[in-house]
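Colleague: Hi! Could you take me through some of the helices in this one?
Modeller: Happy to, let me bring it up.

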Amino acid sequence: MPVDARVREGYFFGRACACAPPTSWWRDDAERAARDAADARRRAPALLNTFTKTKVPFKPLSGNSVGWYICGPTVYDSAHVGHARNYVNFDVLRRVMMEYFGYDVRFVMNVTDIDDKIIMRAHTRRAEAVVKAARETGETRLGAETLAVEKLLAEGGKPLGALDSATRTLANAVKAAIGSGIDAEHCCAKDWTIQDGYLTLAHQFEAEFMEDMKSLGVARPDMLTRVSEYVDKVILYIQVIINKGFAYESNGSVYFDVKAFEAAENHKYGKLNQNAMENITEAMDGEGALEAEKSEKKCDFDFVLWKMSKDGEPCWSSPWGMGRPGWHIECSAMCSDILGQSVDINGGGIDLNFPHHENQLAQSEAHYDTEQWVNFFIHTGHLHIDGLKMSKSLKNFITIRAALKMYSARQIRFLFLLNQWCDPMELTPVAAPDGSGVIGFKQMDLALSIERLFVEFFHSIKGVFRTSGSYHVDKQQTWNERERELSDALDTSQAAVHEALIDNINTPNTLLALQDLVKATNKYLAETGSVDVRPLLLERVGKFVTKILNCLGVCLDTGAVGFPESSEGSSEGREETLSPFLDLMTKFRDDIRKLAQGGASAKELLTACDNLRDVGLPELGVKLDDKEGGALWKLYDADELKKEIAREHEAKEEKERAKRAAKEEAARKAAEKEARAKVPPSEMFKTFSEYEGLYSKYDDDGVPTHDAAGEALAKSAAKKLLKSRQQQEKAHETYLAKAGMEKLAV
């Protein structure tokens, strides 16, 4: 719109706005109207609630406080990328709810450290260690005992009592064979029991899991609960359920009575899954690998709250005999202990939906005799490897630590953010050319490009600040048309980000909105000289992008613009920090002086400068971009910069390989074409492989007249062959002419 038109229409000053009108505070009903308008505009985030299978506006049960429980790991092995996706997703949801929407969240996570898998793994590892020790003694008299343990291991380690007994016998024999000189730390030196052994294993993998989460940038929970520390409270919790008529004891175990629960007026089983009572196979999935051999239940859908322990299993004293907690009951007891009889959000992977979460709900509602225990159930989607869920049972998993050797935590998080948290996600491994293992994931290419976009964006802004500063009293600050366009782009991005986060915390759309803002900023910087930019506006844009990425867990909350230069922070002393840079610059200066004193050429001096840029500085996490008017330096995490340079080098080599292959293919085709051109037209149908065996007779020009069976060719076929011969005549004439010219040249 021309300036005079804008003045006439009253739009010359400020921006166009589709806002609600300001409140007329002088009117009698102004305060009530303002309150109603504010409530209408301040929408709550809508979350996908598994109860309804729809997006439901979230409202805390009490003020601004949110009680949130998620199911943590069963710690019997290393965590894999599927686990990473689940816990990174919940970390993002938690951060957005706290840091963007401003809720006061109490975040509770459990650790399952009493479980059939843990017990079996503890026995298996103990048995394998003792067998190895027996083999190392070289004592042939231990052969029978060793074979007995190996046979049980080959059969899956069951029954555990037999494996425990056989392993104990072998361990005592090894100890006797070694004698008094046995090392105190030797696996056979001390008595081993499953009562301690299961927890040793669980602690090892819990510590590893927590370290993995730290490496991924997942914030620690406000409260961590372990089953091993809750056994007494689990027993009390079960007793209350029995007292209320919703559980029964049978042969030392306790089972939840699903039919009694369903019959109660204020209870319903199958809130999360309407078909819960139709699939007995899935229902039994929660009973564990060491369930009782014979059914002790009133109904097949009844599930265990307390398991009677068998030989080889850890056990605790209870009113029903020696036993241990079932799987589902632990979450009910621990969550109730911290969050009480009303829970805002309960969550976990979609694989826990049934039977675990269904049974957890039923137990808790039976315990409190309440109609509804959890307000929102949210489930994260599976991670699939080539179409199959990533899991240890399928042996298609890649550990978190292996993934972190290939990519940074930030890159892995970007990969997950590009997929909506509640949807399934596909991951396709890329195998090493030599078949030695996995070297990456196909879907990572987009995540790497997104990360690079933001990295370059932050470096560009910081570069402007370094050259022109963020504010000077003698620098013009008035906005021109380009600043207004950038400001409008910021407003648009803020609105789009808000809409995306309100809509089930949609991270893919959030990233799209930020990318649009980054592109608008890059356009502004390209069209505006560094001296003329308005740094305060640029700083506002940079801080908004940083704030949202911080809410997604990608940035550290430093109050500055952009990513931190190192994942390790900046706690080192000044001398320790600067020493490697000063050493490099000192060496560079010495090299340049020697070259200059020796009369080096300009090319040699430039080569030394290139070595500093391409070799020395990247080792320290510094990247130099040659630009008109001077180079721009950029700080990275040193290890990540090395990986990026390696990827760029690999991409360059791949491009060169493709170029060479295309050249070789072109040469091959040219040679093949020339070889065909050498053949006289009269011989082509008898020489070229595509005509072999097709014809039996030819005319004087060598054109086929009869097919292989002696039948005369149709006119259309003969016409087509004649056309081919004419083309060969041209090719052969061109070849002869070229050959003649080459002879003349000689």
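Modeller: What follows is a short run of questions and answers on this predicted model.

Colleague: Let's begin with α21. How far apart are the end C-alpha atoms of this helix?
Modeller: Helix α21 covers residues 638-678, which makes 41 residues. At 1.5 Å a residue, the helix should span 60 Å. The model agrees with that, since the end C-alpha atoms are separated by 59 Å.

Colleague: Which residue has a side-chain oxygen that reaches a backbone nitrogen at the start of α21?
Modeller: The backbone nitrogen in question belongs to Asp639. A side-chain oxygen comes to within 3.1 Å of that nitrogen, and its owner is Asp637.

Colleague: Which residues of α21 are buried?
Modeller: Buried here means under 20% relative accessible area. By that cut-off, the buried residues in α21 are Glu640, Leu641, Glu644 and Ala677.

Colleague: Now α15 and α18. Are they roughly parallel or antiparallel?
Modeller: Helix α15 (residues 444-468) and helix α18 (residues 535-551) have axes that come within 11 Å and cross at roughly 150°. Angles over 145 degrees count as roughly antiparallel. That is why the relation of α15 to α18 is roughly antiparallel.

Colleague: Is that crossing left-handed or right-handed, and which residues of α15 make the contact?
Modeller: The crossing of α15 past α18 is left-handed. On the α18 side, the contact includes Pro535, Leu538, Val541 and Leu549. On the α15 side, the contact is made by Phe454, Phe457, Phe458, Ile461, Val464 and Phe465.

Colleague: How do α14 and α15 lie to each other, roughly parallel or perpendicular?
Modeller: Helix α14 takes in residues 409-417, and its axis comes within 8 Å of that of α15. The two axes cross at roughly 115°, and α14 passes α15 in a right-handed crossing. The two helices are therefore roughly perpendicular.

Colleague: Which residues in α14 meet α15?
Modeller: From α15, the residues involved include Met444, Leu448, Glu451 and Phe454. Their partners in α14 are Arg410, Gln411, Ile412, Phe414 and Leu415.

Colleague: On to α11. How many of its 13 residues are buried?
Modeller: Helix α11 (residues 327-339) reaches 19 Å from its first C-alpha to its last, close to the expected 18 Å. Among its buried residues are His328, Glu330, Cys331, Met334 and Leu339. The helix is largely enclosed by the rest of the structure, because the number of buried residues is eleven.

Colleague: Which residue takes a positive phi just after α11?
Modeller: The phi in question is about 85°. The residue that takes it, just after α11, is Gly340.

Colleague: Let's finish in α23. Is His732 buried or exposed?
Modeller: His732 lies in helix α23 and touches Ala677, Lys678, Val679, Pro680 and Pro681, leaving aside residues up to four places away in sequence. Its side chain reaches the backbone oxygen of Lys678 at 3.4 Å. With a relative accessible area of 12%, His732 is buried.

Colleague: And what separates the C-alpha atoms of Ala731 and Glu674?
Modeller: Ala731 is part of helix α23, residues 715-745, and counts as partly exposed at 30% relative accessibility. Along the chain, Ala731 and Glu674 are 57 residues apart. In space, their C-alpha atoms are separated by 8.6 Å.

Definitions and conventions
Residues are numbered from 1 along each chain as its sequence is written. This is a predicted model: local features need pLDDT of at least 70, side-chain atom pairs count only at pLDDT 80 or more; totals for chains, interfaces and linings use all residues. Side-chain values use heavy atoms; hydrogens and water are left out. Helices (H or I, at least four residues) and strands (E, at least two) are DSSP runs, numbered from the N terminus. The expected span of a helix is 1.5 Å times one less than its number of residues. Buried means under 20% relative accessible area, exposed over 50%, partly exposed in between (1.4 Å probe, protein chains only). A polar contact is a pair of N or O atoms within 3.5 Å; within protein, one must be able to donate a hydrogen and the other to accept it, and residues adjacent in sequence count only if both atoms are side-chain atoms. Axes are lines fitted to C-alpha atoms, for helices over the stretch in contact, and angles run from 0 to 180 degrees between N-to-C directions. Angles under 35 degrees count as roughly parallel, over 145 as roughly antiparallel, 65 to 115 as roughly perpendicular and the rest as oblique. A crossing is left-handed if the near helix is turned anticlockwise from the far one by less than a right angle, and right-handed if clockwise. Contact means heavy atoms within 4.5 Å.
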